[in-house]
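User: I am new to this structure and would like a close look at one part of it. Please take a pair of packed helices as the starting point and work outward to what surrounds them.

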Amino acid sequence: AGAGELLAALADRIDAPIGCSMMGLSAVPADHPRAVGMAGMHGHYASSKAKAEADLILAVGVRFSDRATGDKTRYAQHAKIIHIDIDPAEINKNIPATLGIAGSIEDVLSALLAGLEPVTRPEWAAQVKEFQAHEAAHKAPFLGSFSPYDVIDAVSRRTSPDMPVATDVGQHQMWVAQRYPFLKPRTFISSGGLGTMGFGLGGAIGACFASGKRTVLFTGDGSFGMNLNELATAVSQRLPLVILVLNNGVLGMVRQWQTMFYDKHYSETTLNRATDFVALAKAFGAEGLRAVDAGELEACLDVAFRTDGPVVINCAIDKDERVLPMIPPGGAIEDLVLN
């Protein structure tokens, strides 16, 4: 509904933090003082914890997927829920609502703002700040000297707020959702819900065509391998795509589950592929580059952001990097693993 500014105004009016589902990212600027980031299985501790401790949740255009809620029987047990959605079928579908409001989010938020007086909740605001401080103090370190956040931060320093950023599916998708500072609506292009590995390159091509802007794709070696044939389209159309392959040589998200929950019984996740993505990109007619540390990446990005056509940068990261925080499958916020 393009109602991000109204949502931020409502949060200011009632002195409330703003958490997002993954697909809600970019609706409110990441640097907004009330934004506490993504909630859910791989969300920020402060965002998930604030939901768990709230006494009222305004659920605006969300579907309460299991990745956002964890164990539904233990979800937001102390909270009343006001669920606002344009589709009445969404209300009470996954989580019972105390009050359901079916309608355009723009209309509903405008009406709420018209009827609410400003209020402050200093104790709650201080509690949310404590959640954020706890997360910062217990953040898990990355294993390798060249981390996924290094890649994301280096790219974000070069992008403009209105530049589309696409992802494939897997660990890199969650790292981007956690870390990338989305500032403008609809700049996050990602496949939510179906785990569609291979979505990213097609999504980035579409976003580049539609916006007319240079577009960034974060992908993994597993996802990129699913649909890399579309490099031919990107090259033939001379699309300014910057493609970062976070290459750990494994199917990282499944390997993480096998490590954490299956006693390191690895099956079909160590690929041992000999594919040289740099050579492959050049074979398609794109530019291919390689980075094994932050210094090499900066040099690669210098080339990528002044090249007219697509550029593939192969970024070598450790095979055992994990996406944390994580709520274990079937768990709730009380079970969250920070490090």
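**Two helices and the sheet beside them**

Analyst: In this predicted model, the axes of α6 and α13 come within 11 Å and cross at roughly 35°. The crossing of α6 past α13 is right-handed. On the α6 side the contact is made by Asp150, Val151, Ala154 and Val155, and on the α13 side by Leu297, Glu298 and Leu301. An α-helix has 3.6 residues a turn, so residues three or four places apart point the same way.

Leucine 297 is a good residue to follow from here. Setting aside residues up to four places away in sequence, leucine 297 touches Phe146, Asp150, Val151 and Ala154, and also Leu244, Ala291, Ile313 and Cys315.

Leu297 and Leu301 also belong to the largest nonpolar core, which has 37 residues. Together with Val216, Phe218, Leu244 and Ile313, they are the residues with the most contacts inside this core. At least two core residues come from each of α6 (148-156), α7 (171-179), β8 (215-220), β9 (241-247), β10 (287-291), α13 (294-304) and β11 (311-316). The most come from α6, which gives five. Another core lies apart from this one; it has 20 residues, including Ala166, Leu201, Ala204 and Val235.

Next comes the sheet. Six strands form an open sheet with parallel pairing, in the order β7-β6-β8-β9-β11-β10. Its edge strands are β7 (188-189) and β10, each of which pairs on one side only. Helix α12 (residues 277-284) packs on the sheet, where it touches β9, β10 and β11, and its direction makes about 170° with that of β10. α13 lies across β9, β10 and β11 as well, running at about 160° to β10.

Within the sheet, β8 can be described strand by strand. Three bridges join β6 (residues 165-167) to β8, and the two run parallel. Valine 165 has valine 216 of β8 as its bridge partner, and alanine 166 stands opposite leucine 217. Six bridges join β8 to β9, again in parallel. Valine 216 stands opposite valine 242 in β9.

In a regular strand the side chains alternate between the two faces of the sheet. Both faces of β8 are covered: Thr215, Leu217 and Thr219 are buried on one side, and Val216, Phe218 and Gly220 are buried on the other. Six of the six residues of β8 are buried, so the strand is largely enclosed by the rest of the structure.

Helix α7, another contributor to the 37-residue core, is also largely enclosed by the rest of the structure, because eight of its nine residues are buried. These buried residues are Gln171, His172, Gln173, Met174, Trp175, Val176, Ala177 and Gln178.

The cysteines can be added to this picture. A disulfide is a covalent bond between the sulfur atoms of two cysteines. The count of disulfides in this model comes to zero. Cysteine 300 is in no disulfide, and the nearest cysteine sulfur, that of cysteine 315, is 7.2 Å away. Cysteine 300 counts as buried because its relative accessibility is 7%, under the 20% cut-off. Cysteine 20 also counts as buried, at 16% relative accessibility.

Notes. Residues are numbered from 1 along each chain as its sequence is written. This is a predicted model: local features need pLDDT of at least 70, side-chain atom pairs count only at pLDDT 80 or more; totals for chains, interfaces and linings use all residues. Side-chain values use heavy atoms; hydrogens and water are left out. A disulfide is a pair of cysteine sulfur atoms within 2.5 Å. Buried means under 20% relative accessible area, exposed over 50%, partly exposed in between (1.4 Å probe, protein chains only). A nonpolar core is a set of buried Ala, Val, Leu, Ile, Met, Phe, Trp, Tyr and Cys residues joined through side-chain atoms within 4.5 Å. Helices (H or I, at least four residues) and strands (E, at least two) are DSSP runs, numbered from the N terminus. Contact means heavy atoms within 4.5 Å. Two strands pair if DSSP finds at least two bridges between them. Axes are lines fitted to C-alpha atoms, for helices over the stretch in contact, and angles run from 0 to 180 degrees between N-to-C directions. A crossing is left-handed if the near helix is turned anticlockwise from the far one by less than a right angle, and right-handed if clockwise.
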